[in-house]
Amino acid sequence: NGGGFDANENPDMDQGARWVVWNSDQDHVGTNADGNGEIFFMEISSGAISQVTLTTGGSRGAQRLPTIDDEGQRIAFLSTRDFSDAEHCRRPDRTSPCDNGDQNAEVMVYDRSSGRLTQVTDTTGDGADANGDARISADGSVLVFRSSRDFSGVLTGGLSCSAMGSGSTCSNDGNGEIMLY
């Protein structure tokens, strides 16, 4: 209702046409009165909608570009919001809390079965264009995304990074590179 053409955008659906995710600044379930950009999930058979994220500030683009695996369990998306106060949000090592104080666009993955949110990237600089185009595999085990940031340092929990098409390192020269997680 209202909001114009961009009120609901970037839909993605699993291959079996059972679930849809999208980002919206609308109040679909009564928990987005501030009109912040949030991620929504709908089970097609029942029409039941749930709000995946609940943040304040950041306007329509706060959460965007969701993608869902074929089991309907993992949803990857970009966020410029800081989830450091959210108890259910951790970095990939599953112990370090999320932190996006600089409000860069970070890659996030939400697991519907556990309710856990994982902040995959922790980058600085380049704001809303730091990371983008996240896509999750059909089984939810692989995530690929574009980044203009430098991942050559030690990642949280000792995790490694693979830059596709740019050799074996994840050092970035500011160009958009394809990252595999």
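Phenylalanine 41 has serine 50, a residue of strand E4, as its bridge partner. This pair offers a point of entry into the structure, which is a predicted model. The connection between the two strands concerned consists of four bridges, which join strand E3, residues 38–43, to E4 in an antiparallel arrangement.

These strands belong to a wider assembly. Four strands form an open sheet in the order E1-E2-E3-E4, and their pairing is antiparallel. At its edges lie strand E1, covering residues 8–13, and strand E4, covering residues 48–51, each of which pairs on one side only. On average, and with direction ignored, neighbouring strands of this sheet are turned by 25 degrees against each other. In general, the strands of a sheet pair through backbone hydrogen bonds, and the pairing may be parallel or antiparallel.

The edge strand E1 contains asparagine 10, a residue whose surroundings can be followed in some detail. Asparagine 10 has a relative accessible area of 27% and is partly exposed, because this value lies between the 20% under which a residue counts as buried and the 50% over which a residue counts as exposed. Leaving aside residues up to four places away in sequence, asparagine 10 touches Val21, Trp22, Asn23, Leu65 and Pro66. One of these residues, asparagine 23, also makes a polar contact with asparagine 10, side chain to side chain, at 2.9 Å. Along the chain, asparagine 10 and asparagine 23 are 13 residues apart, while their C-alpha atoms are separated by 6.3 Å.

Attention may now turn to the cysteines. The structure holds one disulfide, and this bond joins cysteine 89 to cysteine 98 with an S to S distance of 1.9 Å. The torsion about the S-S bond of cysteine 89 and cysteine 98 is about -85 degrees, and the disulfide is therefore left-handed. Both cysteine 89 and cysteine 98 are buried.

The protein as a whole completes the picture. It has 13 strands and zero helices, so that, under the definition of these elements as DSSP runs, the succession from the N terminus on reads β-β-β-β-β-β-β-β-β-β-β-β-β. Of the 181 residues in the protein, 43% are buried. Among contacts with a separation of 6 or more, 44% are accounted for by residues 24 or more positions apart. The protein exposes about 8800 Å², of which carbon and sulfur atoms supply 47%.

Note on methods
Residues are numbered from 1 along each chain as its sequence is written. This is a predicted model: local features need pLDDT of at least 70, side-chain atom pairs count only at pLDDT 80 or more; totals for chains, interfaces and linings use all residues. Side-chain values use heavy atoms; hydrogens and water are left out. Two strands pair if DSSP finds at least two bridges between them. Axes are lines fitted to C-alpha atoms, for helices over the stretch in contact, and angles run from 0 to 180 degrees between N-to-C directions. Buried means under 20% relative accessible area, exposed over 50%, partly exposed in between (1.4 Å probe, protein chains only). Contact means heavy atoms within 4.5 Å. A polar contact is a pair of N or O atoms within 3.5 Å; within protein, one must be able to donate a hydrogen and the other to accept it, and residues adjacent in sequence count only if both atoms are side-chain atoms. Accessible areas come from the Shrake-Rupley method with a 1.4 Å probe; for residues, only the protein chains shown count as cover. A disulfide is a pair of cysteine sulfur atoms within 2.5 Å.
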